[in-house]
Amino acid sequence: MPPSAPVVPQSLEPVDLDRYPVHEPGSRGWDAAVRSARERLAAGGCAVLPGFVRASWLDRLRREGESVAPLAHHETEVVNVYNTDPDPDLPADHPARVPLERGNAFVARDRIPHDQLVHRLYPDPGFRAFLAACVGVPELHELGDPFAGLCLNVVADGRSHPWHFDTNEIAISLLTRAPEAGGTFEYCPDIRSADAENTGDVAAVLAGDGGARIRRLDLCAGDLQLFRGRYSLHRVTEVRGATARHTAIFSYSARPGVVGSAVRTRQLFGRTAQVHRSPRDVRVDGLMD
Ligand SMILES: O=C(O)CCC(=O)C(=O)O
Ligand SMILES: [Fe+2]
């Protein structure tokens, strides 16, 4: 009997499975895609999988993002790189004392319809297994957070998403609409680690002295990006033009049940759910955030 073709779940149909056979774990193509992503993550803290979503699906991907973008929580606010409350006891030159204007806006997971491509992809077991292999962990879990697990990041004309660290270890994002100009993703690979904040280098980047530490990426719609966001300082530079930049952000953790803090959740989404007000402590380290 000829081997039967693997069944492709509906959630994976938009993926370019010829290039990225997410539905065939352990196949030669799967191994090659995983190996390539792992090498790039190890070498520079970031791996881009160009054309992850097939060209024929890009229109729908963009339109779905556009349909929920008006539901983003817009509130330009002054934050710091760790998204913590101001702490007057810290030394004046500590990076937490540097005010940054956060001008991006997030659409929370609970506002993204379940039949959207990105909402079907986020929990898909094959997608998560592929990503787990790429980042080198046995499993990746959805966040236990009803808002932050999956969101749409909207950066409009004249706005930027300033330097920050993420709560979760690995960020996975998919550009669904590119801006006309600006909106470059910039990052400093592994500028901190689980046991060292390295505040000197972080302060240098904030002061505009990042130099060769800073890498830059201009992404195309449909590109999937894997990124060590908890340890790599990053930002999206100012967008210019009428077309806002949209990215779907898929957040996972090697541990189940991760939930954002109440302070950070209110900053990002303008509201909290019960789970944010009584979180279980499942952080993987003792870093600031
Ligand atoms: O929109 C992006 O490309 C990056 C977003 C990001 O860094 C974040 O949501 O934490
Ligand atoms: Fe981030």
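## Strand E6 and its partners

In E6, Val 154 is the bridge partner of Ala 105. This is a predicted model, and that pair is a handy place to start reading it. Ala 105 sits in strand E4 (residues 105-107), which runs antiparallel to E6 and is joined to it by three bridges. E6 also pairs with strand E15 (residues 245-253), again in the antiparallel sense, this time over six bridges. One pair to look up there is Cys 151, whose bridge partner in E15 is Ile 249.

So which residues of E6 are covered on each face? On one side Leu 150, Leu 152 and Val 154 are buried, and on the other side Cys 151, Asn 153 and Val 155 are buried too. That gives six buried residues out of six for the strand, which spans residues 150-155.

## Around ligand 1

Two residues from that region turn up again at ligand 1: Asn 153 and Ile 249 both belong to its surroundings. The rest of the shell is His 161, Asp 166, Ala 171, Ser 173, Phe 185, His 234, Val 236 and Thr 247. Strand E8 (170-177), strand E13 (233-236) and E15 are the elements that give two or more residues each to this shell.

By residue class, the shell splits into five polar, four nonpolar and one charged.

## E10, between E11 and E13

Phe 185, one of the residues surrounding ligand 1, stands opposite Leu 217 in E11. The strands involved are E10 (residues 185-188) and E11 (residues 215-217), an antiparallel pair with three bridges.

E10 also runs antiparallel to E13, with four bridges joining them. Here Cys 188 has Leu 233 of E13 as its bridge partner.

## The nonpolar core

Leu 233 is also among the residues that touch the most other members of the largest nonpolar core, a set of 70 residues. The others on that list are Phe 106, Val 107, Leu 131, Cys 134, Leu 152 and Leu 226. Helix H4 (residues 125-135) provides the largest share of this core, with six residues. As background, nonpolar side chains in soluble globular proteins tend to be buried together.

What does Phe 106 contact once neighbours within four places in sequence are left aside? Its contacts are Ala 72, His 73, Cys 151, Leu 152, Asn 153, Leu 268 and Phe 269.

## Helix H4

H4 is largely enclosed by the rest of the structure, because eight of its 11 residues are buried. Those buried residues are Gly 126, Phe 127, Arg 128, Phe 130, Leu 131, Ala 133, Cys 134 and Val 135. Note that Arg 128 is on the list.

The buried residues of H4 pack against helix H1 (28-44), helix H3 (117-121), strand E1 (46-49), E8, strand E12 (224-227) and E15. Just past the end of the helix, Gly 136 takes a positive phi of about 80°.

## The whole chain

Zooming out, the protein has seven helices and 15 strands. Of its 289 residues, 42% are buried. Taking contacts between residues at least 6 apart in sequence, 82% join residues at least 24 apart.

How does the radius of gyration fit the globule rule? The protein comes out at 19 Å, which agrees with the value near 19 Å that a compact globule of 289 residues would have. Along the principal axes, the C-alpha atoms fill a box of roughly 70 × 40 × 40 Å.

Note on methods
Residues are numbered from 1 along each chain as its sequence is written. Chains are lettered from A and ligands numbered from 1 in the order in which they are written. A residue is buried if 20 or more other C-beta atoms lie within 10 Å of its own, exposed if 12 or fewer, and partly exposed in between; C-beta atoms are placed from the backbone. Two strands pair if DSSP finds at least two bridges between them. A residue is near a molecule or strand if its C-beta atom, placed from the backbone, lies within 6 Å of it. Ala, Val, Leu, Ile, Met, Phe, Trp, Tyr, Cys and Pro count as nonpolar, Asp, Glu, Lys and Arg as charged, and the others, Gly among them, as polar. The radius of gyration is taken over C-alpha atoms; the globule rule is 2.2 Å times the number of residues to the power 0.38. Two residues are in contact if their C-beta atoms, placed from the backbone, lie within 7 Å. A nonpolar core is a set of buried Ala, Val, Leu, Ile, Met, Phe, Trp, Tyr and Cys residues joined through C-beta atoms within 7 Å.
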